[in-house]
Amino acid sequence: MHVALTGATGFLGLRLLRRLLDTHRSVTVLVHAGSGDALHRITRFFALTGVPESSLAELPGRLRVVETELERPGLGLSGRAFQELADGLGAIWHSAGSINLAGDLPELRRTNVEGTRNVLELAAAGRASPVVHHVSTAFVAGSRREGVAYEDELDDAYGFENAYERSKYEAEALIHAWSGEHRRPVVVLRPSILVTDLPPHPELPSHPFQVVERILRDARRTADPGGRPRVRLVGRPDGRLNLMQVDHAAEMMVRLAGRTPSGGVDTYHVVHDRDVPVPTIAALLERLVEVSIDLVATEPDDPSALEALVDFYPGLTTYLTHRRRFDDTRVRALFGSSAASDRVDLDYLWSGLVPRGLVPAGPPPTAAFPSARHA
Ligand SMILES: NC(=O)c1ccc[n+]([C@@H]2O[C@H](COP(=O)([O-])OP(=O)(O)OC[C@H]3O[C@@H](n4cnc5c(N)ncnc54)[C@H](OP(=O)(O)O)[C@@H]3O)[C@@H](O)[C@H]2O)c1
């Protein structure tokens, strides 16, 4: 069965591609037209994470690169090229998306909702009725800060913390409508916040904590408070967030995709079994940006210039008040203890944010796809 993957150059997409190459002789990557040499970026990721030269040399023969415009009907391809692409597929992985938490809704809708619509159109056109594996996010649960979010829930009643969450919710709603209308299965994979302990590198895609670090650092520089300033952030000392190792998330997703779909929409929370306490995240930020963070119950009446700048970004302070849990009973029932992953702690997060040597000291984090086990 031939698979296509969108978003293969992304933080998650690269790990999904690595997993897919473990079991598929070739993969079609639907890359972002005009966004730079995708094959080179993919090859550099594999090289930097320890894949042997012999496997790297095989990549051009194992990847079929198709430049696409996700936001345009027909993915910006000619009618004929679109139909030929669709007819050659047994499965489509849709991981491309904008994760810009500060983006505005029209822009996010174009990439995340219209992009999903156009990928579904590809699936509808395919002669072999390819199965769609859609990468969503556990954060479609929106502004629900307490309690338990279940895999079968998709509800906008709580509102959303930012336009990104809303756009991902709308994409999932579209999938439900499409699946019902076309009577086609879709697997929806909802990871939590993805993290790595691989040190940052200019040739690797950034991950969400790198973005938060950059924003805090820029705010600190702009406000220029000197010393080690105190920053009062609205947050709960008993709050917690779910952070999942990106390599483990990719492994779980590919395993889940290997199951026979029910025929409708099968949704899975791909989350860590232990949440990270909010004070651990505050301690990480203190260490990274040399500030002292006080978690406070309400916004200060007299915010400093630094506090005002930090509060402006919709991807940090809102999440420090979260205490909800994501239920993943379905995944654990399928995979038992193999669904569990190592603890994500301060040291792990620190490793993924502080530049070091290029290649981690240990072995590469996952198999190096030396040869595909299936065609
Ligand atoms: N990172 C997380 O913590 C996280 C958590 C939960 C869910 N997710 C979901 O996981 C998926 C992948 O996220 P990621 O972390 O891999 O993000 P990422 O590193 O920002 O990568 C995004 C990918 O999408 C592609 N893309 C973006 N805009 C596009 C467009 N207009 N047309 C075509 N391709 C486009 C990018 O291609 P170029 O690089 O060539 O632009 C890149 O390959 C997203 O759907 C996201 O919502 C991510």
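Let's start in the interior: 5 of the 5 residues of strand 5 (residues 131-135) are buried, so this strand is largely enclosed by the rest of the structure. Buried here means under 20% relative accessible area, while exposed means over 50% and partly exposed lies in between (1.4 Å probe, protein chains only). Strands (E, at least two residues) and helices (H or I, at least four residues) are DSSP runs, numbered from the N terminus.

A word on the source: this is a predicted model, in which local features need pLDDT of at least 70 and side-chain atom pairs count only at pLDDT 80 or more, while totals for chains, interfaces and linings use all residues. Residues are numbered from 1 along each chain as its sequence is written, and side-chain values use heavy atoms, with hydrogens and water left out.

Back to strand 5. In a regular strand the side chains alternate between the two faces of the sheet. On one side of strand 5 sit Val131, His133 and Val135, on the other Val132 and His134, and all are buried, which leaves both faces covered. Strand 4 (residues 91-94) runs parallel to strand 5, joined to it by 4 bridges; two strands pair if DSSP finds at least two bridges between them. Within this pairing, Trp93 has His133 of strand 5 as its bridge partner.

Next, meet the ligand. There are 27 residues around it, and Thr9, His32, Ser35, Glu71 and Tyr164 come nearest; a residue is near if one of its heavy atoms lies within 4 Å of the molecule. By class, this shell has 12 nonpolar, 12 polar and 3 charged residues. Helix 6 (163-182) and strand 8 (193-195) each supply at least two residues of the shell.

The table gives some polar contacts, meaning pairs of N or O atoms within 3.5 Å; within protein, one must be able to donate a hydrogen and the other to accept it, and residues adjacent in sequence count only if both atoms are side-chain atoms.

| Protein partner | Distance to an oxygen atom of the ligand |
|---|---|
| Thr9, side-chain N or O atom | 2.7 Å |
| His32, side-chain N or O atom | 2.7 Å |
| Ser95, polar backbone atom | 3.3 Å |

Taken alone, the ligand exposes 890 Å², and the protein buries 88% of that.

Finally, look at Arg62 in helix 3 (residues 53-62). Arg62 is buried, with a relative accessible area of 9%. A polar atom of the Arg62 side chain lies 2.8 Å from the backbone oxygen of His24.

Methods:
Areas by Shrake-Rupley, 256 points an atom, 1.4 Å probe, with all protein chains shown as cover. Nonpolar A, V, L, I, M, F, W, Y, C, P; charged D, E, K, R; others polar.
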